[in-house]
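I opened this model to look up its nonpolar cores, one pocket and one lysine. My entries are below.

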Amino acid sequence: MEQKIGTSFQSSEVVDLYLYRPPYPQQIFDLIVALSPKTEHLLDLGCGHGKIARPMSRHFQRVTAIDPSAEMMTLGKSLDHGQAANLTWIEGLAETAPLSGPYDTVVAALSIHWMAHDTLFPRLAMHLKTPHLFAVVEGDGPYDPPWQDDWVRFHEKWVPKLTGAPFQPDKGRTFWTMYETFVTVQDRYDVISDPLHQSIEDFILCQHSRDTFAISKLGQNREEFDDELRAILRPFADAHDMLEFRSITKLTTATL
């Protein structure tokens with residue numbers, strides 16, 4: 001049976017590797033705060049380990065974070081601001097978890113694309129203030145790294161091999177067409193991080209924190225995957241096997 005997209009995030013195998021992912025650039029958080037009509041109550045859908053919710057707890061009076069993965073939330077509670085008094089963690093699906101609005105701002109990351117939009121958005125609309133902000137934060141992958149050409153070819157090989165679907169680097173933008181009837185897009189921002197430094201081995205582990213390249217999906221292909229990626233990266237590392245690159249994060253703002 002085909003594994004449902006996103007179920008790997010409920011596995012400790014993936015959760016334990018999540019900390020190898022680059023942080024979102026500070027500008028992303030600054031934009032959300034600046035664009036929010038008020039900073040009284042924020043809802044984070046599919047919050048994972050609180051990559052958005054925890055920083056936002058410093059700016060909003062209340063933050064509610066919802067995710068179906070107890071493992072992710074356990075990790076989040078162990079990290080900075082994970083035990084903030086104004087941060088409430090709720091285990092459940094965005095479509096059915098209890099809501100305690102009204103909310104000034106609703107944020108979501110990539111998992112928004114896997115949710116049942118025809119159920120979620122009408123439900124959200126009943127719990128939003130007027131005015132409000134709906135924001136989607138996507139991506140923490142490398143931005144035009146020195147190994148870009150090989151990086152694309154690597155994905156063109158491995159994504160179809162593991163998913164049966166072709167590699168589509170701009171697929172994230174097309175996701176909006178899936179629920180245009182529920183939102184009115186206002187703006188889109190591409191934010192490039194300051195230089196990041198990560199070892200080759202940590203960069204490889206970061207890839208295994210992603211649903212497509214989860215270790216369970218690679219199976220017996222893991223060694224080949226790791227060796228191939230290691231060979232691509234090594235010419236661009238310093239004498240200590242450290243890489244330097246920037247990440248790209250996309251922010252889309254909308255209203256319901």
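The notes start with the ground rules and then go feature by feature.

Ground rules. I worked on a predicted model, where local features need pLDDT of at least 70 and side-chain atom pairs count only at pLDDT 80 or more, while totals for chains, interfaces and linings use all residues. Residues are numbered from 1 along each chain as its sequence is written, and side-chain values use heavy atoms, with hydrogens and water left out.

Cores. I looked up the largest nonpolar core (buried Ala, Val, Leu, Ile, Met, Phe, Trp, Tyr and Cys joined through side-chain atoms within 4.5 Å; buried is under 20% relative accessible area with a 1.4 Å probe, protein chains only). I found 24 residues in it, and those with the most contacts inside include I32, M56 and L251. At least two core residues each come from α2 (26-35), α3 (53-56), β2 (62-67), β3 (87-91) and β5 (128-143) (DSSP runs, helices H or I of at least four residues, strands E of at least two, numbered from the N terminus). The most come from α2, with four.

For M56 I noted contacts (heavy atoms within 4.5 Å) with F29, I32, V33, L42 and V63, leaving out residues up to four places away in sequence. I also found a second, separate core of 20 residues, with A108, I112, L120 and L128 among them.

Lysine. I placed K129 in strand β5. Its side chain makes a polar contact with the side chain of E40 at 2.3 Å (N or O atoms within 3.5 Å, one able to donate a hydrogen and the other to accept it). Beyond four places in sequence, K129 touches E40, P102, Y103 and D104.

Conventions:
Buried means under 20% relative accessible area, exposed over 50%, partly exposed in between (1.4 Å probe, protein chains only).
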